[in-house]
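Reader: Could we go through this model together? I would like to begin with the sheet and then turn to the packing.

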Amino acid sequence: MPKAYSYIRFSTPEQAQGDSLRRQAAKAAVWANERNLVLDDSLRDLGISAYHGANRTTGALRLFLQMVEDGKIERGSYLIVESLDRLSRETVIDAATQLFALIQAGVIVVTLSDGQEYSASRLRQDWTPLIISLAVMARAHDESRLKSERVGEAWKQKKEEARHDGKPITPRCPEWLEVRDGRFVERADRVEIVKRVFRETIEGFGRREIVSRLNGDGILPFKASEKRKHPSIGWQTSSVAKIVTSRAVIGEYQPHTGTHKASNRQPDGDPIQDYYPRVIEVETFWRAQKALSDRRGQTAGRRGKAGAHILRGLAKCGTCSGPMHVVNKGKPPKGGIYLRCDRNKRNLGCDNRRAWRVDHLEDTVIRGLGSIDIQAFASLDDATPKVEAKLDALAAEVHHLDNRRRRLLELVETGDDAAVTRFKEIALSLKEKKRELKSAKTDAAILSADPDIVAKLTEATSISGQLHACDENSRHELRIRLSAILRIVIDRIVCSPNLGAVMVVRQRPVWKMNISGFAVRGEPSAMYVLLDSDLPNDVINYFITDFGGSIS
């Protein structure tokens with residue numbers, strides 16, 4: 001039996017507070033009751049625009065059209081709308097094509113505002129309603145186009161004011177700010193949370209650990225309030241991710257055009273610098289991005305308190321230079337968690353079959369760090385800058401600019417003139433940043449013994465001394481921090497089947513005295529610390545202090 005389907009749509013969420021929904025639903029119910037038809041009023045696109053066809057491609061109307069295409073809507077069924085502009089406000093040719101497709105599929109389209117019924121049987125006898133429909137479609141599209149142009153001009157003016165005067169475009173802003181008297185003002189308590197998220201990210205904590213710590217400390221998420229306190233309200237990993245990747249923390253705002261719903265959202269010009277108050281230093285922001293990148297580059301999967309080990313991603317095979325992966329051989333004392341060459345395990349040509357027990361290797365790494373003369377890393381110049389942080393920041397920024405350049409290239413290929421200009425600007429910025437990165441790498445090779453390394457070695461020694469004298473939760477947090485520090489201090493741990501495990505501490509400059517008595521920089525060398533071997537002690541000491549070769 002034919003059925004009546006009521007389709008209700010309006011463009012903005014604000015209209016839900018008015019009479020539009022009630023009016024459309026009531027009119028459809030009256031029409032169906034007068035004809036004794038069963039009414040399905042579930043087709044609703046509330047707050048979805050029809051100007052660019054979002055309702056046709058992603059909304060409830062799309063579901064109805066799909067059912068029509070699949071033959072799930074019986075021929076002779078009715079589609080009730082208040083007016084044709086509820087179905088579409090696209091160009092006449094697109095709106096008419098959609099209407100004709102419905103009619104050809106046997107659906108009778110009813111418009112309540114003018115009492116028209118568009119069916120194949122009627123239009124074959126009387127085509128004049130088509131003239132009415134085309135006029136309605138043209139008027140609807142023109143109205144939306146004019147409105148879009150006016151709104152677009154208004155937004156363009158606001159964006160220009162934002163670029164030149166820093167004037168807030170709307171009252172909406174990042175959750176750690178608020179608009180007061182026409183300017184952005186920091187919300188001190190929330191800024192502290194943002195700084196904490198960045199600090200813990202750099203220290204090595206992942207999103208899940210940060211969420212757990214925030215919730216454990218009873219800190220409410222930004223979307224919550226004292227009035228809405230509830231046990232189920234808490235931080236989510238997505239909230240932490242948004243904070244730590246948001247460039248708004250360094251004051252940047254990227255205007256956009258289009259909408260997510262219409263799938264046409266894209267950047268509108270370059271980002272506006274210093275639009276928001278800067279709550280995080282630029283260097284800190286990029287160090288956090290580097291920390292995120294490092295975590296993604298480590299072994300995938302969740303790392304629980306029992307399964308995490310501090311050497312993730314550091315251990316390399318001494319034969320093939322490939323990664324060493326975890327092998328679980330069961331519970332101790334006979335079993336344990338071991339590191340073994342991944343290529344050997346998968347029979348890919350490496351003959352290094354030796355395995356290293358993780359907990360034993362961790363202990364020897366910590367002892368090895370404790371045996372290093374920290375003062376050997378002290379620079380001759382106390383004013384040595386922290387080049388490691390600078391390198392991390394520049395490398396992450398180069399990566400970001402390169403991604404923007406690639407995205408813009410797609411627009412350039414479509415003939416977008418504005419994109420061509422932005423592409424050239426980004427390309428110049430990328431070239432300059434690459435030059436800075438190359439220069440910074442040279443500085444890093446000279447000044448790799450900066451005080452930051454000394455501080456991290458000292459911190460690593462301090463943390464390792466606390467590991468066995470604290471409870472499980474504190475031990476887990478200390479291990480996370482220690483893991484992050486090791487990635488600053490250690491370049492790699494080479495697992496050689498012959499020598500054993502060798503810890504390669506990051507490169508440092510070799511300083512020599514020239515004929516005039518001045519200190520000059522020699523070629524950089526690495527410090528190698530033998531973690532386990534059958535060699536006699538005097539050979540080991542020589543190897544640690546004077547070895548000038550390299551380990552693969």
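**Sheet and cores**

Author: Certainly. Please note that this is a predicted model. Helix H3, residues 60-69, lies across strands E1 (4-10), E2 and E3, and runs at about 135° to E2.

Reader: And what is the strand order in the open sheet?

Author: The order of its 5 strands is E2-E1-E3-E4-E5, and the pairing is mixed.

Reader: Which strands stand at the edges?

Author: Those are E2 (39-46) and E5 (116-118). Each has a single partner strand, so one side of each is left without a neighbour in the sheet. From one strand to the next, the twist averages 20°.

Reader: How do E3 and E4 run, parallel or antiparallel?

Author: They run parallel, with 4 bridges joining residues 78-81 of E3 to residues 108-111 of E4. Val 81 stands opposite Thr 111 in E4.

Reader: Changing topic: how many residues has the largest nonpolar core?

Author: It has 34 residues. Trp 176, Val 194, Phe 198, Trp 235, Ile 243 and Val 249 have the most contacts inside it.

Reader: Which helices each supply at least two residues of this core?

Author: They are H8 (188-202), H9 (207-216), H10 (237-245), H11 (282-297) and H14 (387-412). The largest share, 5 residues, comes from H8.

Reader: What does Val 194 touch?

Author: Leaving aside residues up to four places away in sequence, Val 194 touches Trp 176, Phe 222, Ile 243, Val 249, Val 279 and Ile 280.

Reader: And what does the second core include?

Author: That separate core of 31 residues includes Leu 361, Leu 369, Leu 478 and Met 503.

Terms used
Residues numbered from 1 in each chain as written. Predicted model: local features only at pLDDT ≥ 70, side-chain atom pairs only at ≥ 80, totals over all residues. Heavy atoms only, no water. Pairing = 2+ DSSP bridges. Axes fitted to C-alpha atoms, helices over the stretch in contact; angles between N-to-C directions. Contact = heavy atoms within 4.5 Å. Core = buried A, V, L, I, M, F, W, Y, C linked by side-chain atoms within 4.5 Å. Buried < 20%, exposed > 50% of the residue type's maximum accessible area, 1.4 Å probe, protein only.
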